[in-house]
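Here are a few exercises to work through with the model open beside you. Try each task before reading its solution.

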Amino acid sequence: MELNLNIPSWSDLRFWLPEAILCITFLVALLGDLVVRGRRTWVPFAVSVAGLITAGAYAVAAMNHGLDAGQFQGHTIMGSLMIVDGMAGFFRLLFIFASLVTVLFAWTSEEIMGKRRENKGEFYALTVLLTAAMMVMAEARDLLMLFLSMEAVGLISYVMAGYMRTSLRSSEASLKYVLFGAVSSAIMLYGMSLLYGMTGAMEFDGIRNALISGTVDPFALLVVVVLILAGMSYKIAAVPFHYWCPDVYEGAPTPVSAIFSVGPKAAGFALMIRFFYTTFAAGTDAGTQLVQDINWPLLVAVMSVATMTYGNLVALRQTNVKRMLAYSSIAHVGYLLMGFVLLSSAGLASILFYLLVYTLMNLGAFFYVVAINNHLKSEELSDYVGIGFRAPWAGAMMVIFLASLTGVPPFAGFVGKFYLFTAVLDKQWFWLAIVAALNSVVSLYYYFKVVRAMFLSTPAEGTDMSPLKLHWLQYVVLAMLAIPTLALGLFFEEFKGLADMAIGMMGG
Amino acid sequence: MEITLTHYLLLAAAIFVTGMVGFIVRRNAIVMLMCVELMLSSVNIVFAAFSRFHLDGGGHVFVLMNFAVAAAEAAIGLAILVEIFRRRRTVNVDDLKTLME
Amino acid sequence: MGEHILSWMTFFPVIGAAVIAFIPSERKEVIKTVAAAAAAVPLILAVQLFMTFDRTTAGFQFIEHYTWIKSFNIEYFMGIDGLSVPMVLLTAFLSFICVIASWGINKSVKGYFALFLILEAGMFGVFCALDFFLFYVFWEVMLLPMYFLIGIWGGPRREYAAIKFFLYTLAGSVLMLLAMIAFYLHTSDPVTGGHTFNMLHMFDQANHSEWLQGTNVRHVLWLALFIGFAIKVPVFPFHTWLPDAHVEAPTAVSVILAGVLLKMGTYGILRISYPMLPDQALWFSYTLALLGTINILYGAYCAMAQTDMKKLVAYSSVSHMGYVMLGMAAMTSAGINGAVLQMFNHGTITAMMFLCVGVVYDRAHTREINAFGGLGMQMPLYFSFFSFALFAALGLPGLSGFVSEAMIFMGVFPVYRTITIIAALGIIIGAAYVLWMLQRVFLGPKNEKWDSLPDINAREMFTLVPIGILVLLLGVYPMPVLDLMKVTLNNLIKVVAG
């Protein structure tokens, strides 16, 4: 039997510099941590920050270079396993930014850096590696790479969720994550193996060509779509594959939950967009799906409605802020999925834009929880009473994040929803838009339950109302997120352009 | 009887379903992990069979990679289980309810 | 400031809020002074507007037109016509009065005045915006400050009232958002051919796409917009947030709520729904008249049943906004001019009533009507102010409320006779609850508990006297306000009713 293997050329790897830098950073941070025997934690911290900034600089440079050249349709890497194109460039920047602020904020977190914690350095090293893995997810254009990158993100996440080894909650969260993660990836793999069997191809455009030829049985293909969608929905925590999400977010250390709620989800969306739009639709602005017999847009639309409604309704009755944010992040996945079903480039660009603003506001909300947890050692809503007045500037920023998550102007979250709704209504999915709009009214109630506790409720007699002293770095990072959340709500031309460009320059 | 592609696929499907059912029915975390391994093996069979069918090396590569990933997954899963067993003296997932509301 | 007078009006309070944010919170007097200055500048500008506004044209004036978000064709487009100018004047006037009326605030002074000024900016923005997106942003910008103003500085049930207000308004505005996007996607800019948020383009039916000309689509869009605005008015049955919000809010915020925010609902219908969907406005007019009548009667009946003064005034607002809707539904010159005049007059009269309730609440810490009696002897000056406001509210000839209500009835009677006659009953009920309250609070035997209540003080006089003068003046000679809006509104009727 003759094996058909492409031997990749190493020169492609120069387009892969940010990922390579992050991998090296991971090794250096890990070894550095070993050398200082986990005592001088600033070593892995500094290495990670430096590595992320360097990788970010290269990613920006690559983006600019691609834009200057007028076309950024992509450079394939390692044969056809990966592609660095406009969309990959967008997600690279998003992930590096999210990881950078998380690493900075984790430095001040008691959960990560508390006196009795071991292996503090590992957190930084793992975050860096997670970033690299997520970037590969956004670049994969082959079933093998898709699987490997997803598993890489998964494996690192399992370890990070169980980071607080001494905490039973953390270990338990991690176990749930592993078990359900493994089974969902097995289900997805099964679908992938059948898809490979039906099309004889691994790379996405090969699969598409086989589908166009029309030799594939529609029913079998529907089974495959459902199986693969199951695995991907698990990654983005869409109903009915969401059940791990609240437990993991609540059990994991809050900085870890913060990056989980943003990074792997965004990576999952990147992967879904690339996979579905290169294999099952004729490009980003297809208008119709490729194989007419399989109405996967309707399937995903139903999932979208179920996800946002479930997330919002369950979030209503949460009393733990962290758990509430977990359910809210499920609801936001529902909003994001709306853009996915439209078969239009505006729909995809609106997903990217929403992911951008979601990253800002959701990280901000989680970080505020971290900052408060340092002092109160609690995430219960009842302990938040009067907290707004004890640290007014941080409280005001939290209000910005929560209002933005609700989707109230003039904050970025509103613009994200506006762009999504515009794309949805343009494609005349009216019921989807109406359900989503009503859902955002529901979400107002629970987001503002937090605001109410922070500012409105009268503290019980004898409650400590002394001002809280937050670490200066916490103010810096919160402002790094709050200012763009406000500014993007008023001036979003540039970033909308970036999202449009990223989708416009998505290579096949 | 000649062994055809269909036979391989049926075998794989049977193993996959066995693993799936086992995962749902059993409450012992170690058994659950083993069931997942079973599911992954069935995927390997499908890939290997199709690789031969299409005379394409991609499927074989996938199988090899899958081995590595499955091993890593099992390693992490077991490490976490050991940690939990040390404290709780149980690996029954129904007993692990700290996080439930 | 001459060129960008509307922007200065809108954003000067924001500058004031930003300055206040950086004043140390112990310097309460400084904060209050800065707030008063920040509210005074728009008032001065409003006077300038009043002087220079061209009363002979229906077109928009003081226009500012810039590109804001190019890829969505969103523009920073501000301008005013005869419909918005009375509202802008009212906002500037009441906001300044309210800053003075808030002088007694002691809790988190800094936050209060900063939020109040942002609220003021939002109100100006709504009345000046001519780009739908801009309008929507300003419309929503008011929610957050209002939530906090009710929620932090309000009465005992403030948390409930604040979130209820927020939820109701947001529910309405998401429907408006969807309708707005539908308009955007189906209106083309006559010059560039692209989608546009420009309201003037949306007014022109020729720019609407084929889809947007379908009758069913237009009915649905009308209803979506109407519900959005109706919640703000508030139209029965969307009114239940109002009594809670009004009662719990601090006095000055109640004044702004009743004086300005309610008007935004009817303003929105006249500014957006009428010209964009004129056929639907006609289609809906009978229902609107009916809803107006229900508002008048229901509001008045509820007011009669209240024992809390503030709640009584709140329900009287529901009733008075019913007149506005009735006038709008008539589609006659007298009706619609009367409606907008009523919007202005109700803003001033209800402000006076809320301020008066605030005066007694500050002293007695209760608003129970039954707890008082014979206050007329104890606080004679206060008695005269409150009775002046109440008489204005019940439509006593010679005071401003009479003029607008009379115009509305004159306008609507030829169109909907039966409804007008039923609605007129509202005046009788209105007189009943007003006189009943006056008698219970100010006449009769004096309750000894209140022997030490001091009469109205200079600062309170300072807030009440200017409004009183305005009410009296417009009652005798309403032409200054009518002249402002006549041309625009008559043109609007021509557009809608042909």
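Helices (H or I, at least four residues) and strands (E, at least two) are DSSP runs, numbered from the N terminus. This is a predicted model, where local features need pLDDT of at least 70, side-chain atom pairs count only at pLDDT 80 or more, and totals for chains, interfaces and linings use all residues. Residues are numbered from 1 along each chain as its sequence is written, with chains lettered from A and ligands numbered from 1 in the order in which they are written.

**Exercise 1. Two positive phi values**

Task: Find where C:His365 lies, and work out whether it is buried or exposed.

Solution: Start with the backbone: phi of C:His365 is near 60 degrees, positive in a residue other than glycine. Most residues other than glycine have a negative phi. Next, place C:His365: it is in the loop between helix H14 (333-364) and helix H15 (375-378) of chain C. Now the cut-offs: a residue is buried if 20 or more other C-beta atoms (placed from the backbone) lie within 10 Å of its own, exposed if 12 or fewer, and partly exposed in between. C:His365 has 7 C-beta neighbours inside 10 Å, so it counts as exposed.

Then try A:Ala237, a non-glycine with a positive phi of about 60 degrees. Its loop runs between helix H9 (218-236) and helix H10 (244-251) of chain A. A:Ala237 has 27 other C-beta atoms within 10 Å, so it is buried.

**Exercise 2. Cis bonds and a helix check**

Task: Which peptide bond is cis in the loop holding A:Pro410, and what span should H17(A) have?

Solution: The cis bond joins A:Pro409 and A:Pro410, with omega about 5 degrees. A:Pro410 sits in the loop between helix H16 (392-406) and H17 of chain A. Moving on to H17(A) (residues 412-426), take the expected span as 1.5 Å times one less than the number of residues. The 15 residues should therefore span 21 Å, and the end C-alpha atoms are 21 Å apart, which agrees. As for cover, 14 of the 15 residues of H17(A) are buried. Just past H17(A), A:Gln428 has a positive phi of about 60 degrees.

Chain C offers a cis bond too, from C:Val233 to C:Pro234, with omega near -10 degrees.

**Exercise 3. A hairpin in chain C**

Task: In what sense do S1(C) and S2(C) pair, and over how many bridges?

Solution: Two strands pair if DSSP finds at least two bridges between them. Strand S1 (residues 61-69) of chain C and S2(C) pair in the antiparallel sense over six bridges. To pin down the register, look at C:Tyr66, whose bridge partner in S2(C) is C:Tyr76. Four residues sit between the strands of this hairpin, where C:Asn73 has a positive phi near 55 degrees. Finally, S2(C) (residues 74-80) is mostly covered, with five of its seven residues buried.

**Exercise 4. Where chain C touches chain A**

Task: Which helix gives the most to the side of chain C that touches chain A?

Solution: Count two residues as in contact if their C-beta atoms, placed from the backbone, lie within 7 Å. By that rule, 26 residues of chain C are in contact with 25 residues of chain A. Helices H5 (132-141), H6 (143-153) and H7 (158-185) of chain C each supply at least two residues of chain C's side. H7(C) gives the most, with 14 residues.
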